[in-house]
Amino acid sequence: MEYNFKLSNDEMIICDKLRKMKLSIMSEALDEVFKDPLTPNRTFFEIISYLVNEEWNARRNKRFKKLLAKSGIKYIDAAFDDKLNLPERNINQELVTRLITCDWIPLGRTLIITGKTGTGKSFLASAFGLCALHKDYKVRYDSANTLLKKLSKANQDSSEYLSYTDELFSYDLLIIDDYGLMELDMIKCQLLFSLLDAREGKRATIITSQIPVKDWYGLFADSTYADACMERMAKGSFRLSLDGPSLRSDHF
């Protein structure tokens with residue numbers, strides 16, 4: 001242990017114990033408290049609150065970065081900025097304010113975001129995903145095409161399929177981007193239904209699409225699966241429909 005002449009021996013021992021208990025941030029904060037000439041003017045509660053909050057915030061930031069790295073979120077700088085709030089974007093701000101709370105996530109609700117290319121669907125979905133991460137929810141972001149390819153590949157081996165579907169179920173929020181840009185043959189219909197059925201009412205989902213919801217039914221190769229999937233995707237879902245000029249030159 002390297003000796004610090006600015007700390008007494010007892011102060012050094014306390015800081016060292018905190019480090020050994022893997023409370024390194026609290027140890028550094030306590031070091032600063034010991035060195036601060038204004039410390040005698042602070043109450044015990046002020047000091048202990050400062051130490052606990054420093055450790056707490058550091059751990060939360062570390063967990064956020066870990067969750068973000070695993071999430072695959074497309075736009076990690078996404079935010080509910082002014083360009084998304086333009087009148088011509090036609091966003092329901094009251095609904096956005098409600099969704100930002102993330103209260104709908106533990107209820108296993110679905111949010112559908114539709115609009116033409118470049119209107120900000122993926123950007124908005126990323127912003128909601130980041131909100132969820134900040135509230136300690138596990139998030140996964142994939143394009144619908146990538147997700148179905150992974151499911152199809154895993155489906156070739158029962159153990160691999162169970163492992164992958166268990167992983168998908170573990171995410172509190174699954175973001176499926178660009179739905180409708182793939183062919184939904186019978187196998188993909190079955191895989192999509194299984195995924196949606198497992199998550200219904202238990203895990204939240206965001207779906208973005210260039211195609212209006214009223215036209216989704218025709219994407220399915222089988223009408224039975226179309227009925228079943230539409231029931232799980234669209235019924236009772238929150239919906240945001242984006243309009244206005246392309247944002248790609250500004251954000252993407």
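**Figure 1. Side-chain alternation along strand β5 of the predicted model**. In this predicted model, the side chains of β5 alternate between two faces. Phe-238, Leu-240 and Leu-242 point to one face and are buried, whereas Arg-239 and Ser-241 point to the other and are not buried. Strand β5 comprises residues 238-242 and pairs with β1 in the parallel sense, over five bridges. Within this pairing, Arg-239 of β5 is the bridge partner of Ile-112, and Leu-240 of β5 is the bridge partner of Ile-113.

**Figure 2. Strand β1 and its covered faces**. Strand β1 spans residues 110-115, and six of its six residues are buried. Thr-110, Ile-112 and Thr-114 lie on one side of β1, and Leu-111, Ile-113 and Gly-115 lie on the other; both faces are covered. Strand β1 also pairs with β4 in the parallel sense, over five bridges. In β4, Ile-207 stands opposite Ile-112. Ile-112 thus has a bridge partner in β5, Arg-239, and a residue opposite it in β4, Ile-207.

**Figure 3. Helix α8, its buried residues and their cover**. Helix α8 has 14 residues, which at 1.5 Å a residue should span 20 Å. The end C-alpha atoms of α8 are 20 Å apart, in agreement with that expectation. The buried residues in α8 are Lys-188, Cys-189, Leu-191, Leu-192, Leu-195, Leu-196 and Arg-199. Their cover includes the helices α6 (144-154), α7 (158-170) and α9, together with the strands β3 (173-177) and β4 (204-209). Gly-201 follows α8 and has a positive phi, near 75°.

**Figure 4. The salt bridge between Asp-197 and Arg-232**. The side chains of Asp-197 and Arg-232 meet in a salt bridge, with an N to O distance of 2.9 Å. Because Asp-197 lies in helix α8 (residues 186-199) and Arg-232 in helix α9 (residues 223-233), the pair ties together parts that are 35 residues apart in sequence. Asp-197 is partly exposed, at 31% relative accessibility. Arg-232 is likewise partly exposed, at 22% relative accessibility.

**Figure 5. The salt bridge between Asp-136 and Arg-63**. Side chains of opposite charge can pair when their charged atoms come close. A search of the whole structure finds 10 salt bridges, including the one in which the side chains of Asp-136 and Arg-63 meet at 2.5 Å, N to O. Asp-136 lies in the loop between α5 (121-134) and β2 (139-143), and Arg-63 lies in helix α3, so this pair ties together parts that are 73 residues apart in sequence. Asp-136 has a relative accessible area of 32% and is partly exposed. Arg-63, at 36% relative accessibility, also counts as partly exposed.

**Figure 6. The Lys-214 and Asp-215 pair, and a salt-bridge network**. A salt bridge joins the side chains of Lys-214 and Asp-215, with an N to O distance of 3.5 Å. Lys-214 counts as exposed, at 68% relative accessibility, while Asp-215 counts as partly exposed, at 36%. Elsewhere, Arg-140, Asp-142 and Lys-150 are joined into one network by salt bridges that share partners.

**Figure 7. Surroundings of Phe-80**. Phe-80 is found in the loop between α3 (44-71) and α4 (93-100). Its relative accessible area of 27% makes Phe-80 partly exposed. Leaving aside neighbours within four places in sequence, Phe-80 is in contact with Asn-85, Val-96, Ile-100, Leu-124, Ala-127, Phe-128 and Cys-131. Of these contacts, Ala-127 is 47 residues away from Phe-80 in sequence, yet the two C-alpha atoms are 6.7 Å apart in space.

**Figure 8. A nonpolar surface patch**. Phe-44, Phe-45, Ile-48, Val-52 and Trp-56 make a nonpolar surface patch of about 600 Å². Ile-48, one of the residues in this patch, lies in helix α3. Ile-48 counts as partly exposed, at 34% relative accessibility. Because a patch residue must have over 30% relative accessible area, the value of 34% allows Ile-48 to be included.

Technical notes: Residues are numbered from 1 along each chain as its sequence is written. This is a predicted model: local features need pLDDT of at least 70, side-chain atom pairs count only at pLDDT 80 or more; totals for chains, interfaces and linings use all residues. Side-chain values use heavy atoms; hydrogens and water are left out. Helices (H or I, at least four residues) and strands (E, at least two) are DSSP runs, numbered from the N terminus. Buried means under 20% relative accessible area, exposed over 50%, partly exposed in between (1.4 Å probe, protein chains only). Contact means heavy atoms within 4.5 Å. A salt bridge is a side-chain nitrogen of Lys or Arg within 4 Å of a carboxyl oxygen of Asp or Glu. Patches are made of residues with over 30% relative accessible area and no salt bridge: like charges are joined within 9 Å, nonpolar side chains (Val, Leu, Ile, Met, Phe, Trp, Tyr) within 5 Å. Accessible areas come from the Shrake-Rupley method with a 1.4 Å probe; for residues, only the protein chains shown count as cover. The expected span of a helix is 1.5 Å times one less than its number of residues. Two strands pair if DSSP finds at least two bridges between them.
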